[in-house]
Amino acid sequence: MNVPARIPPQAVDVERHVIGAMLLDPEAVGQALEILTEEDFYLEKHLFLFRAIIRLFEQRHPIDLITVTDSLQKIESLDRAGGETYLLEIASEVVTAAHIAHHCAIVKEKSLLRRLISTAGHILEMAYAGNEEPVNIMDKAESAIFAISESNLRQGFIPIKSILGDTVRLIESYSKHQIVGIPT
């Protein structure tokens, strides 16, 4: 009896929407960074697009179809990201970034399931091999599952350098060149 190959959990259409929302709205980039990492994308081309957007974000460059395309061309990765046509399709599909956090959560959930499946497979291999004491296998299994759980808790942190510039500009705009606070 042949067992059909299983397709890992993924949400390719949602990944496309996340990338499209990031191209559409600069605030969506920050929201996506709070939830997602590169490893969360199922399709390699979405990974390349996400990396290009993040690179532009970290360099404080505008993020849009043209800048992302240019960034990918400079590192000779445009084809691996699906090409100009694919990027144009993604950008034209999204009309709002309103639900980006929910969409990112779906992508994250599928990523966690894939990591659990991979870890469970590794645990099965260790158990079937029988080369170690069961207690050691259980310890390794627990550590592997805990590492997945811990990585999920780390979401929400972004490098301070990526937001510090905007924060300083915002504070300066409030002061309108006046002394803020009590002069000493």
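The questions and answers below go through a predicted model of one protein.

Residues are numbered from 1 along each chain as its sequence is written. Local features need pLDDT of at least 70, side-chain atom pairs count only at pLDDT 80 or more, totals for chains, interfaces and linings use all residues, and side-chain values use heavy atoms, with hydrogens and water left out.

Trainee: How many helices does the protein have?

Mentor: Helices (H or I, at least four residues) and strands (E, at least two) are DSSP runs, numbered from the N terminus. Along the sequence the pattern reads α-α-α-α-α-α-α-α. There are 0 strands, and the number of helices is 8.

Trainee: Which element gives the largest share of the largest nonpolar core?

Mentor: A nonpolar core is a set of buried Ala, Val, Leu, Ile, Met, Phe, Trp, Tyr and Cys residues joined through side-chain atoms within 4.5 Å. Here buried means under 20% relative accessible area, exposed over 50%, and partly exposed in between (1.4 Å probe, protein chains only). The largest such core has 36 residues, and L49 and V68 have the most contacts inside it. Its largest share, 9 residues, comes from α3.

Trainee: Which residues does L49 contact, leaving aside neighbours within four places in sequence?

Mentor: Contact means heavy atoms within 4.5 Å. With those neighbours left aside, the partners of L49 are I19, V68, L72, A81, Y86, L87 and I90.

Trainee: Is Y86 buried or exposed?

Mentor: Y86 is found in helix α5, residues 83–93. Not counting residues up to four places away in sequence, Y86 touches R16, K45, H46, L49 and A81. Its relative accessibility is 9%, so Y86 counts as buried.

Trainee: Which residue lies over the face of Y86?

Mentor: A charge sits over a ring if NZ of Lys or CZ of Arg is within 6 Å of the ring centre and within 35 degrees of the ring normal. The residue in question is 41 residues from Y86 in sequence and 9.4 Å away in space, C-alpha to C-alpha. At 4.0 Å from the ring centre, the residue over the face is K45.

Trainee: Why is the pair of F41 and F50 stacked, edge-to-face or tilted?

Mentor: Rings of Phe, Tyr and Trp (its six-membered ring) pair if their centres lie within 6.5 Å; planes under 30 degrees apart count as stacked, over 60 as edge-to-face and the rest as tilted. A search of the whole structure finds 1 aromatic pair. F41 is buried at 7% relative accessibility, and F50 is buried at 2%. The ring centres of F41 and F50 are 4.7 Å apart and the planes stand at 40°, so the pair is tilted.
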